[in-house]
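Reader: I've just opened this one up and I'm a bit lost. Could you pick a single spot, look at it closely with me, and then work outwards from there?

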Amino acid sequence: MFGLVWFGYWMANLVPLQLLLPQQLEAIDPASKVHDFAVVNAISGLVALLALPICGALCDRSRSRFGRRRLWLSGGSLALAAGLAATAQQTTVAGVTAAWAASMIGLSAATAGLTAMIADRVPVNQRGMVSSAIYGPQALGVVTGIALVSVLGLSPSSGYLVIAALLIICAVPFLARYRDPAHSSEPTLRLRALLASMGNSLRNRDFAWAFGGRLLVNLANSLGVCYTLYFLTDDLKVPDPTSSLLACTALYLVAGILATTVVGVLSDRLGRRRVFVALTALLQAVAGFLLAAFPSLTVTLVASAIMGGGFGAYMSVDQALITQVLPDAESRAQDLGIMNIGSVVPPALAPLIASLIITSDRGYPVLFALVGATAAVGVLLVYRVRSVR
């Protein structure tokens with residue numbers, strides 16, 4: 001049931017980024033679609049940057065008979081679904097920007113509850129396996145959402161509504177069963193105290209290195225996939241870009257599920273995190289350099305499989321590593337909110353960075369080379385973490 005929640009979460013988060021928003025913006029303003037997509041995501045990224053740690057801090061301090069983590073997961077899911085429904089109705093770039101940015105508040109609230117549950121309830125030697133339940137469904141959620149939109153011939157507005165409904169359906173079974181553990185009281189949230197606490201967390205060296213590695217590897221992955229539809233359409237000029245995107249996503253899915261399941265369990269059994277995090281991040285670099293050197297549909301399909309396997313396995317083990325470097329057990333959701341900036345904000349900011357590169361003389365080859373270089377630096381940062389094997 002925990003995996004099912006994440007399946008709906010990833011579908012609601014990533015299907016709009018990879019398919020619905022590009023289609024919607026192309027219909028509104030085809031001449032400026034790359035620029036518009038970048039602006040929409042830059043503003044939503046800024047909202048998430050602020051909302052993630054604040055929602056995490058509030059989640060730690062919440063008091064409810066419903067439970068503090070369940071409260072934020074349920075409220076965030078409803079807010080995200082409402083944001084998706086609002087985005088579906090927009091017919092201007094400004095409207096899409098405002099509605100999608102508002103959706104990020106719901107996404108941040110749901111993320112605060114979901115990620116803290118692992119640190120609350122799961123023993124350290126099982127966190128790799130349980131983290132697989134987070135990132136195993138990632139590609140499955142994306143490919144299922146894209147397949148629904150493509151096979152049923154849904155318009156972007158209908159697609160948003162279907163995704164919103166599935167998000168709620170996927171969350172209900174887990175919310176009905178999960179119960180929060182008892183916790184000690186937290187002080188009232190004040191802005192100065194929040195900023196001081198965030199600063200203290202980032203001054204913890206292992207926490208800071210882990211955050212930097214997550215930020216860069218997620219940025220690399222986001223740069224590699226954010227304009228796949230436009231890459232297939234405008235650069236490779238494939239006859240049916242939507243079907244080709246579905247094929248790329250399916251390969252990403254299969255490789256991701258296999259790698260995530262195997263690597264997460266193997267990491268638990270061997271009691272090692274860093275080597276797996278580094279090797280799987282390195283696969284992201286390989287995929288980026290392949291696309292930069294040999295841009296074709298065949299290579300894109302191969303790179304999708306490499307990137308899917310590498311990224312899924314990376315995130316499952318990295319999530320386990322991160323739960324072992326949290327500075328304070330009483331502020332888990334807040335500290336994970338900071339860490340989640342490294343996974344939620346890059347998909348929002350990547351289109352802005354990518355749009356500047358795509359519109360330059362070198363275009364997509366430079367973009368994919370940047371994917372490789374960014375992931376490679378992320379590998380180096382992982383090995384700066386000393387407190388986890």
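Author: Sure, let's start with arginine 214, which has a relative accessibility of just 1% and so counts as buried. Keep in mind as we go that this is a predicted model. What does arginine 214 pair up with? It forms a salt bridge with aspartate 318, and the closest N and O atoms are 3.0 Å apart. That pair links distant parts of the chain, since arginine 214 sits in helix α8 while aspartate 318 belongs to helix α12, 104 residues away. How covered is the partner? The cut-off for buried is under 20% relative accessible area, and aspartate 318 has 2%, so it counts as buried too.

Here's the general idea behind such a pair: side chains of opposite charge can pair when their charged atoms come close.

Searching the whole structure turns up 4 salt bridges. Another of them joins aspartate 268 to arginine 273, with 2.9 Å between the closest N and O atoms. Aspartate 268 has a relative accessibility of 13%, so it is buried, and arginine 273, at 4%, is buried as well. Salt bridges with shared partners also tie Glu26, Lys33 and Asp234 into one network.

Let's stay with lysine 33 from that network. Its bridge to aspartate 234 has the closest N and O atoms 3.6 Å apart, and it spans 201 residues of the chain, from helix α2 to helix α9. Are the two ends buried or exposed? Lysine 33 has a relative accessible area of 10%, so it is buried, whereas aspartate 234, at 35%, counts as partly exposed. Lysine 33 has something else going on too: it lies over the face of tyrosine 230, 4.5 Å from the ring centre.

That brings us to rings. A pair of aromatic rings is described by the distance of the centres and the angle of the planes. How many aromatic pairs are there in the whole structure? The search finds 11. One of them is phenylalanine 37 with tyrosine 227, an edge-to-face pair at 5.5 Å centre to centre with 75 degrees between the planes. Phenylalanine 37 is in helix α2, while tyrosine 227 is in the loop between α8 and α9, 190 residues apart. With 1% relative accessibility, phenylalanine 37 is buried, and tyrosine 227 is buried at 3%.

Next comes phenylalanine 231 with tyrosine 364, a tilted pair: 4.9 Å between the centres and 50 degrees between the planes. Phenylalanine 231 is in helix α9 and tyrosine 364 in helix α14, so this pair ties together parts 133 residues apart in sequence. Both rings are buried. Elsewhere, ring pairs link up Phe2, Trp6, Tyr9, Trp10, Phe174 and Tyr178 into a cluster.

Now for a residue without a charge or a ring. Serine 244, in helix α10, has a relative accessible area of 12%, so it is buried. Which residues does serine 244 touch, leaving aside neighbours within four places in sequence? They are Leu232, Val238 and Leu297.

Finally, let's head out to the surface. Leucine 49 lies in helix α2, and with a relative accessible area of 37% it is partly exposed. It belongs to a nonpolar surface patch with Leu46, Leu50, Ile54 and Leu58, and together the five offer about 420 Å² of accessible area.

How values were computed: Residues are numbered from 1 along each chain as its sequence is written. This is a predicted model: local features need pLDDT of at least 70, side-chain atom pairs count only at pLDDT 80 or more; totals for chains, interfaces and linings use all residues. Side-chain values use heavy atoms; hydrogens and water are left out. Patches are made of residues with over 30% relative accessible area and no salt bridge: like charges are joined within 9 Å, nonpolar side chains (Val, Leu, Ile, Met, Phe, Trp, Tyr) within 5 Å. Accessible areas come from the Shrake-Rupley method with a 1.4 Å probe; for residues, only the protein chains shown count as cover. A salt bridge is a side-chain nitrogen of Lys or Arg within 4 Å of a carboxyl oxygen of Asp or Glu. Helices (H or I, at least four residues) and strands (E, at least two) are DSSP runs, numbered from the N terminus. Buried means under 20% relative accessible area, exposed over 50%, partly exposed in between (1.4 Å probe, protein chains only). Contact means heavy atoms within 4.5 Å. Rings of Phe, Tyr and Trp (its six-membered ring) pair if their centres lie within 6.5 Å; planes under 30 degrees apart count as stacked, over 60 as edge-to-face and the rest as tilted. A charge sits over a ring if NZ of Lys or CZ of Arg is within 6 Å of the ring centre and within 35 degrees of the ring normal.
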